Amino acid sequence: MAIQSSNKSKIIYTLLAWSISAAIFFPIFWTLLTSFKTEAEAISASPSLFMFDWTLENYQDVLARSPYFEHFWNSVVISLGSSLIGLLIAIPAAWSMAFVQTKRTKNLLMWMLSTKMLPPVGVLIPIYLLFRDFDLLDTKLGLVIVMTLINLPIMVWMLYTYFREIPNEILEASRMDGASIKAEIFHVLLPIALPGIASTLLLNVILAWNEAFWTLILTAANAAPLTAFIASYSSPEGLFYAKLSAASAMAIAPILILGWFSQKQLVRGLTFGAVK
Amino acid sequence: MLKKITIATCTALSISAALTISASASAETITIATVNNGDMITMKELSSDFEAKHPDIDLKWVTLEENILRQRVTTDVATKGGQYDVMTIGTYEVPIWGKQGWLTELDGLGEDYDEEDLLPAIRSGLSINDKLYAAPFYGESSMVMYRTDLLEKAGLEMPTKPSWKFIRQAAKAMTDKEAGVYGICLRGKAGWGENTALITAMSNSFGARWYDENWKPQFNTQEWKDTLQYYVDVMEESGPPGASSNGFNENLALFQTGKCGMWIDATVAGAFVTNKKDSEVADKVGFAMAPDMGLGKRGNWLWAWTLAVPSSSQKSDAAQKFISWATSKEYSALVAKEKGWAAVPPGTRTSLYENPKYMEAAPFAETTLASIESVDPKNPTVKPVPYVGVQFVAIPEFQGIGTAVGQQFSAALAGKMTVEQALSNAQRLVDRAMRKARYPK
């Protein structure tokens with residue numbers, strides 16, 4: 001009886017999980033479908049799910065009209081560059097906060113997090129002026145710096161949470177064996193915290209890839225990433241839904257594929273320490 | 001021998017590479033920021049013609065959605081960032097930015113540019129003290145687009161200059177809700193460039209105005225009540241469901257798929273609804289001027305997408321050469337040759353409307369010209385006003401308050417509040433914003 005009831009609830013939970021997943025995935029699925037329709041079919045009042053004239057014309061048009069690979073390369077450099085530089089700063093910062101705590105560590109962590117609560121537009125003009133004066137407007141370097149600074153609080157917080165799960169005794173033992181701080185971090189801490197570091201890296205690559213405020217404001221023709229590529233297909237006066245869908249599909253495909261292949265690491269990292 | 005040939009080839013290649021590098025190094029690169037509208041995409045496609053004629057100028061394009069572009073170029077021009085050499089801006093920005101000294105006067109367009117050929121209403125909106133600060137790329141007004149078959153079935157005939165009374169009658173007669181056909185489609189989505197533009201233009205024909213001569217808001221007047229009440233009533237009677245979230249694109253989709261009997265919106269839509277490739281009703285569309293109430297002003301607006309040079313640009317000469325090319329008669333001829341006469345950017349030059357080939361190819365051309373010519377942005381309302389602009393008020397605060405007022409109108413259309421409440425809220429919030437900005441005398 002108990003087994004039957006357990007099976008029943010398992011089925012209900014499975015169905016619920018599938019329904020929620022389908023609802024979340026539906027907009028992406030619809031975007032993909034629309035990208036293969038003509039503009040007339042894309043705006044049709046009675047849209048068809050699969051019974052339409054499939055076409056690759058939108059992808060051809062988008063590739064002909066925009067330098068997709070330039071935007072793609074800019075996205076790769078900005079997201080990977082900012083995530084790697086961010087890690088270089090966040091690992092020692094999180095190490096010191098996790099293992100060499102002072103009475104102000106918590107306040108410092110909260111202050112770092114509070115910077116994420118500020119609306120970005122609040123600092124738009126000062127940052128724009130700084131970029132102008134340092135010749136960083138429309139450069140990949142400038143965006144790497146901004147993305148690093150924007151995502152640094154999240155990286156430090158995530159790494160801090162992972163590091164806190166590692167018993168201090170292990171690090172103490174290495175110190176007893178005469179390990180330097182560098183050796184302690186590189187040979188003891190990092191191998192143990194590797195899943196957490198990998199998930200932090202992946203999450204930040206995704207966040208930087210999808211960032212669409214600074215990447216649109218601070219770039220023009222040279223450093224514009226895929227967010228600017230998508231924005232160039234949206235129009236309030238003219239119907240370009242099918243082309244916009246094709247551009248969106250091309251912009252999100254790389255990060256979706258990356259997320260698909262690294263989902264185990266991502267889930268493992270994000271749920272690390274959630275259940276004790 | 002082989003060695004000599006190899007050396008000679010390498011030398012020649014090196015020289016040619018060096019020449020290529022030096023040529024491209026001497027070429028000046030200008031960055032053009034533009035919106036993703038059909039006419040701009042054509043301009044980008046055909047820009048190889050400009051580059052062929054000006055090998056010393058390279059073009060770099062930044063194409064963006066209108067609101068993102070506005071945010072980006074405003075930030076750049078206000079901080080003198082210098083990221084762009086040519087900016088696509090509207091008739092709202094030109095007088096404000098020109099007065100701020102953010103734009104370069106266009107005095108290098110060339111002797112054969114024929115500035116006198118620009119339509120007077122458009123040219124006047126882009127000039128400060130008779131000096132041109134932006135060149136119009138395409139201009140538009142608004143008009144009535146209607147289904148000739150549905151109107152005929154209803155036993156009515158559209159006048160060339162209809163009244164709002166007739167429009168309501170026709171909308172009711174054409175509506176067949178069971179068949180999913182709605183007599184009238186109007187913008188309902190909140191935004192200063194969305195429903196506020198339409199309703200402000202409408203209000204001009206009802207005798208209303210945003211401010212009196214002393215910058216005091218006028219939403220508490222009978223004229224505004226008549227305007228908004230008409231809008232809400234006609235949409236309730238004959239409009240599509242969910243109209244409060246419909247903008248240009250949503251209504252275009254409804255009209256093209258045969259769901260609207262009439263649509264009052266931008267004249268540029270004439271080319272879309274008569275395009276057989278996208279429109280199911282392409283051969284059943286008629287055009288008429290925007291309606292009026294017999295008070296001397298019609299409910300149509302005036303807008304132009306223009307090309308301007310920010311004062312922060314270091315390449316003003318090259319930028320003006322490009323603007324001269326993109327807004328010239330020769331460019332119109334180039335578009336006609338490559339894409340057909342119906343695809344020529346409308347609403348900027350008198351000569352285009354004197355061209356029989358264009359008039360034949362574009363059934364909406366005559367109404368477009370009449371609509372543009374009927375508007376005076378410096379005298380837009382029945383009663384006198386202290387501002388310039390037909391469907392907007394050319395002050396920097398308008399984007400914010402225009403959108404806030406649009407939200408009230410949209411809420412009234414959605415039935416979330418009464419017309420009186422919406423206007424009372426509009427009056428209060430505009431009054432507060434204007435007093436804060438120290439406008440009322």
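**Figure 1. Surroundings of Glu211(A) in the loop between helix H10 (194–210) and H11 of chain A.** In this predicted model, Glu211(A) occupies a place in the loop that links H10 and H11 of chain A. Glu211(A) counts as buried, because 22 C-beta neighbours lie inside 10 Å, where 20 or more are required for that label. Leaving out residues up to four places away in sequence, Glu211(A) touches Met147(A) and Thr227(A). Ser245(A), which lies 34 residues from Glu211(A) along the chain, is separated from Glu211(A) by 18 Å between C-alpha atoms.

**Figure 2. The helices of chain A and the segments annotated in UniProt as "transmembrane region".** Chain A contains 14 helices and 0 strands, and a reading along its sequence accordingly gives the pattern α-α-α-α-α-α-α-α-α-α-α-α-α-α. The C-alpha atoms of chain A fill a box of roughly 75 × 70 × 30 Å along the principal axes, and buried residues make up 35% of the 276 residues of this chain. Among the contacts in chain A between residues at least 6 apart in sequence, 80% join residues at least 24 apart. An unreviewed UniProt entry lists residues 12–33, 72–96, 108–131, 143–163, 184–207, 213–233 and 240–261 of chain A under "transmembrane region". In the model, residues 143–163 of chain A are 100% helix and 0% strand, with the end C-alpha atoms 29 Å apart. Residues 240–261 of chain A are 95% helix and 0% strand, and here the end C-alpha atoms are 32 Å apart.

**Figure 3. The side of chain A that touches chain B.** Across this interface, 26 residues of chain A are in contact with 29 residues of chain B. On the chain A side, helix H2 (39–42), helix H6 (124–133) and helix H11 (214–217) each supply at least two residues, and the largest share, 5 residues, comes from H6(A). By residue class, the side of chain A that touches chain B divides into 17 nonpolar, 5 polar and 4 charged residues.

**Figure 4. The largest nonpolar core, with members in chain A and chain B.** Of the 190 residues in this core, those that touch the most other members are Ala94(A) and Leu159(A) in chain A, together with Val86(B), Met145(B), Leu228(B) and Met262(B) in chain B. Helix H7 (residues 140–164) of chain A gives the most to the core, with 13 residues. From chain B, the core draws at least three residues from each of domain 1 (28–133 + 303–360) and domain 2 (142–301 + 388–436). For Leu228(B), once its neighbours within four places in sequence are left aside, the contacts are with Ile199(B), Phe409(B), Ala412(B), Val419(B), Ala422(B) and Leu423(B).

**Figure 5. Chain B and the contact between its two domains.** Chain B, with 18 helices and 10 strands, is divided into domain 1 (28–133 + 303–360) and domain 2 (142–301 + 388–436). The C-alpha centres of domain 1 and domain 2 of chain B lie 29 Å apart, and 7 residues of domain 1 are in contact with 9 residues of domain 2. The side of domain 1 that touches domain 2 of chain B divides into 6 nonpolar residues, 1 polar residue and no charged residues. For the chain as a whole, the C-alpha atoms fill a box of roughly 90 × 55 × 40 Å along the principal axes. The radius of gyration of chain B is 24 Å, which agrees with the value near 22 Å that a compact globule of 441 residues would have. Of the 441 residues of chain B, 51% count as buried, and among contacts between residues at least 6 apart in sequence, 74% join residues at least 24 apart.

**Figure 6. Ile41(B) in helix H2 (residues 38–53) of chain B.** Ile41(B) has its place in helix H2 of chain B and counts as buried, because 20 C-beta neighbours lie inside 10 Å, and 20 or more is the condition for that label. Between Ile41(B) and Thr63(B), which are 22 residues apart in sequence, the distance in space is 8.7 Å, C-alpha to C-alpha.

Methods. Residues are numbered from 1 along each chain as its sequence is written. Chains are lettered from A and ligands numbered from 1 in the order in which they are written. This is a predicted model: local features need pLDDT of at least 70, side-chain atom pairs count only at pLDDT 80 or more; totals for chains, interfaces and linings use all residues. Helices (H or I, at least four residues) and strands (E, at least two) are DSSP runs, numbered from the N terminus. A residue is buried if 20 or more other C-beta atoms lie within 10 Å of its own, exposed if 12 or fewer, and partly exposed in between; C-beta atoms are placed from the backbone. UniProt positions are given in the numbering used here, feature names are shortened, and annotations may be inferred rather than shown by experiment. A nonpolar core is a set of buried Ala, Val, Leu, Ile, Met, Phe, Trp, Tyr and Cys residues joined through C-beta atoms within 7 Å. Domain bounds come from an automatic or database domain assignment. Ala, Val, Leu, Ile, Met, Phe, Trp, Tyr, Cys and Pro count as nonpolar, Asp, Glu, Lys and Arg as charged, and the others, Gly among them, as polar. The radius of gyration is taken over C-alpha atoms; the globule rule is 2.2 Å times the number of residues to the power 0.38.
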